[in-house]
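Reader: I'd like a close look at one part of this model, the place where two of the chains meet. Could you walk me through it, and then show me how the other chains fit in?

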Protein chains: 4
Amino acid sequence: MAAQLRVGILGATGTVGQRLVAMLEGHPQLVVTAVAASDRSQGKTFGEACTWRLPGDMPSALRGLQVGSPQPPLDCDIVLSSLPADIAGPVEAQFAAAGYPVISNSSSHRMDDDVPLLIPEVNAGHLAMIARRPGRGGGFIVTNPNCSTIMIALALAPLQARFGVEAVVVTTMQAISGAGYPGVASLDITDNVVPYIASEEEKIERETLKILGRLDGARVRPAEFPLSAQCHRVPVVDGHMAAIRVQLGRKAEPGELRDAFTSFRGVPQELGLRTAPPCPILVRDEPDRPQPRLDRDAGGGMSITVGRIARDRVLSHRFVALSHNTIRGAAGAAILNAELLLARGYLRNDQ
Amino acid sequence: MAAQLRVGILGATGTVGQRLVAMLEGHPQLVVTAVAASDRSQGKTFGEACTWRLPGDMPSALRGLQVGSPQPPLDCDIVLSSLPADIAGPVEAQFAAAGYPVISNSSSHRMDDDVPLLIPEVNAGHLAMIARRPGRGGGFIVTNPNCSTIMIALALAPLQARFGVEAVVVTTMQAISGAGYPGVASLDITDNVVPYIASEEEKIERETLKILGRLDGARVRPAEFPLSAQCHRVPVVDGHMAAIRVQLGRKAEPGELRDAFTSFRGVPQELGLRTAPPCPILVRDEPDRPQPRLDRDAGGGMSITVGRIARDRVLSHRFVALSHNTIRGAAGAAILNAELLLARGYLRNDQ
Amino acid sequence: MAAQLRVGILGATGTVGQRLVAMLEGHPQLVVTAVAASDRSQGKTFGEACTWRLPGDMPSALRGLQVGSPQPPLDCDIVLSSLPADIAGPVEAQFAAAGYPVISNSSSHRMDDDVPLLIPEVNAGHLAMIARRPGRGGGFIVTNPNCSTIMIALALAPLQARFGVEAVVVTTMQAISGAGYPGVASLDITDNVVPYIASEEEKIERETLKILGRLDGARVRPAEFPLSAQCHRVPVVDGHMAAIRVQLGRKAEPGELRDAFTSFRGVPQELGLRTAPPCPILVRDEPDRPQPRLDRDAGGGMSITVGRIARDRVLSHRFVALSHNTIRGAAGAAILNAELLLARGYLRNDQ
Amino acid sequence: MAAQLRVGILGATGTVGQRLVAMLEGHPQLVVTAVAASDRSQGKTFGEACTWRLPGDMPSALRGLQVGSPQPPLDCDIVLSSLPADIAGPVEAQFAAAGYPVISNSSSHRMDDDVPLLIPEVNAGHLAMIARRPGRGGGFIVTNPNCSTIMIALALAPLQARFGVEAVVVTTMQAISGAGYPGVASLDITDNVVPYIASEEEKIERETLKILGRLDGARVRPAEFPLSAQCHRVPVVDGHMAAIRVQLGRKAEPGELRDAFTSFRGVPQELGLRTAPPCPILVRDEPDRPQPRLDRDAGGGMSITVGRIARDRVLSHRFVALSHNTIRGAAGAAILNAELLLARGYLRNDQ
């Protein structure tokens, strides 16, 4: 049996950081050996520094870990980053320059030319973009998309493959956990909807096209269809929902979309990656599904759920998608990326 | 001073019925003289039959009114109906046949050829559709649109007038009060979004085109642009929100849309109708408005609020609209219709 | 290996019925062979009749089961009942008379002299109350308490044992799932608290004393301390909370209460019953715990969580308790009762 | 007609500050002439500095006011303070020392020997405690109680007067607006209850006894009954609820308590103070009232509502009380205090 890869988590005390910690408990290939945070928690143990906000208890093995500062060296083979966007950029670059593979949930490097913006089921081939930075062992950065983008791109992938996609109109209703902690003030969202999430619409419009883009050598040429996103925060704990209209490249019965969704599989399913769900896209046929509270945990939070597939009067078709924003949309996405990199030989535990 | 018109309310114990009762308290031209309900409340006094679910107290003048059955004769000059759709159709027809002007919030007759689907600021001219039914005094039916439709049609009206409208994509996030009482089960909507409201998408698609249609003699020719609606229930007490994309008929700066919205006035404003807000459409320039909790009561609940006006990547423009669904979207709409009919001579208190 | 006991579920389509079905999936000793419901679902399959409202999917093995009417005979060895209180009384008596052991979550027979009101950790000895009714195999009824009562009695049990209890003041904040489906209207509970749950205060006051009473032959003499309960519905999906003051029979440091809670074990823990949590009462020392969303699933939903243990200025001590109301407070309680009955020889699969 | 008294608001951009500003709009005796805040808003106009979070718009007259720093001199006759507790203490003392009457909603000076903790209906006589500090015009400090305390003390006052009070057990369910902005994180309170509000239980226990204490010369001797408070945050926007048990000094029918509540009037009602509600305590007889959403705005937010009056099994009686926490519990309390001081000659506009 191969030794476990030692993981350092940047931003470990945050909402996504805690999910990373929780999902890595008992992972056969990955073990958390270092935690770092940007705030005043440095110097404390993780047990002292981190107010655990997920149901259940913090993994006891991590209680005694010292919280380090987010800069190399860190006692680990790879780095998983969920740092706030305002500091992630230089910190992640610093780790990559110091030879660490960096698997990031932050937005800073997503659009970099040599950084894959990865959804393993959708664009595993984009790993070819990785340019190992000079230095110890050849560090690099791999990112996962924004929490809403993952769901949208995952839903569009089989449609693009089978029918072609010519235009997309997305309206999101996003959970409060997407804003981290303390995140959204309760006075702003109780009995309310907020039709604004900073930079979210731009991220969705930009990232989706990169993910669905075509590899041209070691560079990606973004997909070229127009995409419109309007984003809203709703009083839901976990689970982003998107009402999606799509103009397909050819005529299609709604049943054909349904079939494209349910039959969709990707590299993680072929490889049997641990965090990969058997079906990346589940379809529910009840008229009132998907719903965040009922469907967010499908496939261990790693499947998205699609419903209400129908023709549309303006674009050609429409449907509703739902995804667990801190699992498939963040922590699980990063871990699945790590598993893909491991399976593909990009990570070694002797780095 | 003219004597008050005596009003009978059908469905008086329901969510919209209670709003009607509350809004008519102290009305100088309209006075409630009869209440009727379809359920087991008949025979009781209104005070006994009606569990008051609005803040504050039931108007004391109505406490002692006997709840009648919803069929003529009723001790009133006109009838305001907020009956459930399943019984409104024949009951309202019966009242009209018996000579009562019927002003209805129910969906049953909205698409009838001789029934105006009225938003006084938008299509006051559609009153020409009214065909007085034979019989005592010449009864007829006038309807107000579905709660979401009112907001959408009101927002589109100035755009249609100034730029032309070629396509509309609407995604709604609707309040629980829109479903009446008991309406939505709390287990269905707490920490949740439900992407389905029965018949709502069809109503929006159909009714909007009738309202924005052109009068051709005594008939309406519906507007012909394609309109797509996806509807969602969100955990908000009052206030429907709509994310709207629109393809305009000509190029326009976002500022021109803003101006079209804020300068919009209609017949109710010209006539100074009591329930008409000074500005039917308010625009907020903060990046995160409108919001249901903060904006639903604007203009006494009779103004809609628009924000986030911008260009769109798929259609030409987009914005977000917000309206109080049981005031502008239901009870206030019916009362404004009554006030318009009164001003235009369609109602007399000696019928 | 012993054959599985065949279980019939009365009220299988309801909120608690669905929990029963979900918790029994894969149970080594119990297998659902019959489902019955009082409503219009009879004659349909369970898959058709039951709108599944728990996260995930209905157990596929039950989809094809025909929904029967709630009356004997039913194709099962024992009956688990979660019928509405208004019909449970005679139906359960009828099943017991027909020889079925009936394990009920309904309130109808809880106060009967020959019916144990059972929390296996607290009063397993009350099984001696069971009077087998004449007839086929000797049917009988065993009940579990009201969802709030279970938590309160479980929390009080170790205090009564170690210190004596002289008075109890309880204020509950209860989840909406406690009212079943459709249960609480969303208009009643969104942005709101309702200080009333029908009959709940009386149930808590009455049932707690029976559970903590002493067996005197085959009868229970209720505990005699005064108990006051005020009950409130709050906008929480699952998880009942109780703020509890208690007058203990002797002086005690808060740490002694803590120790009494954490060291508490009962018969289910001794016997290693499958649904029994290792620790029936967990204590959290953070100043702001327990919380419904974070603690309701502790111990698989079968542990209650206590926190904020302190001296009180009016009674002697106070603390806050939290329990999953449809698991420990209903479905799990019934299943644990079944497991205890099985372990103690009250159930046989050849009845 | 007397000139208006010129008011400076400390902490004007906060939750309570905004309520003060909103309630003072159009006040005949008080006019806001200065706003100050402790944070980065100094130097900006109020319109720029303050993100308005109440429904409707910021009073336009204040938009252009420069936000000053919270230290004397300030262009006003009196100061209303809603500063955060951590800075209110020295700032308010400084203003009083500089000769300003300070009317404070902050907790810093509430327990000072020469500072009345005032509810005008309850202890107007405590104004005798005021010791004018030396200096310009004789500044002093008057405080209003904690938002929960006001409701509790107001409810207890008529009981104390008529029956005597021997012990009180209070369990609160408090709205999120009580924590200011951003205050409670939405992740902490959505689908949740938090059984902890820092220092709240101590404040209630301490302040209530001072308010209900007896004046002994210029000092107050606190009431001496034991009082126990357990406090919880619930997902409600506005409106604190308290479940209260009370041991009265003599036997009393529940109807006698009801009568004591409804007939209660105080000095503000006698004097006809502008912000005083006609009835400080309303009683609702429905079994499920009061409720925050339905009753918080009673009496313009200045009446508290009591319901569910009954005998109790441990103490002698129980009931539920409800109050608007940012109106009667904060901003309205401070304004009513100002009106009382004005009526009693403690404030002059030529200071």
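Author: Let's start with the polar side of things. Keep in mind that this is a predicted model. Between chain B and chain A there are 39 residue pairs in polar contact, counting pairs with both residues at pLDDT 80 or more. On the chain B side, the elements that each put in at least two residues are β7 (165–174), α6 (186–189), α7 (200–211), β10 (227–233), β11 (240–248), α10 (292–295) and β14 (317–323). If you want one element of chain B to look at, pick β7(B): with six residues, β7(B) gives the most to the side that touches chain A. Sorted by class, that side of chain B has 27 nonpolar residues, 14 charged ones and seven polar ones.

Now for the charges. The interface of chain B and chain A holds ten salt bridges. One of them you can find on screen right away: Arg313(B) and Glu205(A) pair up through their side chains, with 2.5 Å from N to O.

As for the extent of the interface, chain B brings 48 residues to the contact and chain A brings 48 residues. The area buried between chain B and chain A comes to about 3800 Å², and carbon and sulfur atoms give 54% of that.

Chain B also has a link to chain D, and Arg284(D) is a good place to see it. Look in the loop of chain D between β12 (281–283) and α10 (292–295), and you'll find Arg284(D) there. Is Arg284(D) buried or exposed? Arg284(D) has 15% relative accessibility, so this residue counts as buried, the cut-off being under 20%. The side chain of Arg284(D) makes a polar contact of 2.9 Å with the side chain of Asp57(B). Setting aside neighbours within four places in sequence, Arg284(D) touches Gly56(B) as well as Asp57(B). Within chain D, the contacts of Arg284(D) are Arg289(D), Asp295(D), Thr305(D), Val306(D), Gly307(D) and Arg308(D).

Last, chain C. A turn of 180° with a shift of 0.0 Å along the axis lays chain C on chain B, and the RMSD is 0.0 Å. That is the relation of a two-fold axis. To spot the axis from chain C, go to Ser186(C): among the residues of chain C, Ser186(C) comes closest to the rotation axis, at 2.0 Å by C-alpha. The copies meet through the same surface, because 100% of the interface residues of chain C are also interface residues in chain B.

Note on methods:
Residues are numbered from 1 along each chain as its sequence is written. Chains are lettered from A and ligands numbered from 1 in the order in which they are written. This is a predicted model: local features need pLDDT of at least 70, side-chain atom pairs count only at pLDDT 80 or more; totals for chains, interfaces and linings use all residues. Side-chain values use heavy atoms; hydrogens and water are left out. Contact means heavy atoms within 4.5 Å. Buried area is the accessible area (1.4 Å probe) that two parts lose on being put together, summed over both. A salt bridge is a side-chain nitrogen of Lys or Arg within 4 Å of a carboxyl oxygen of Asp or Glu. A polar contact is a pair of N or O atoms within 3.5 Å; within protein, one must be able to donate a hydrogen and the other to accept it, and residues adjacent in sequence count only if both atoms are side-chain atoms. Helices (H or I, at least four residues) and strands (E, at least two) are DSSP runs, numbered from the N terminus. Ala, Val, Leu, Ile, Met, Phe, Trp, Tyr, Cys and Pro count as nonpolar, Asp, Glu, Lys and Arg as charged, and the others, Gly among them, as polar. Buried means under 20% relative accessible area, exposed over 50%, partly exposed in between (1.4 Å probe, protein chains only). Copies are superposed by least squares on the C-alpha atoms of residues with pLDDT of at least 70 in both.
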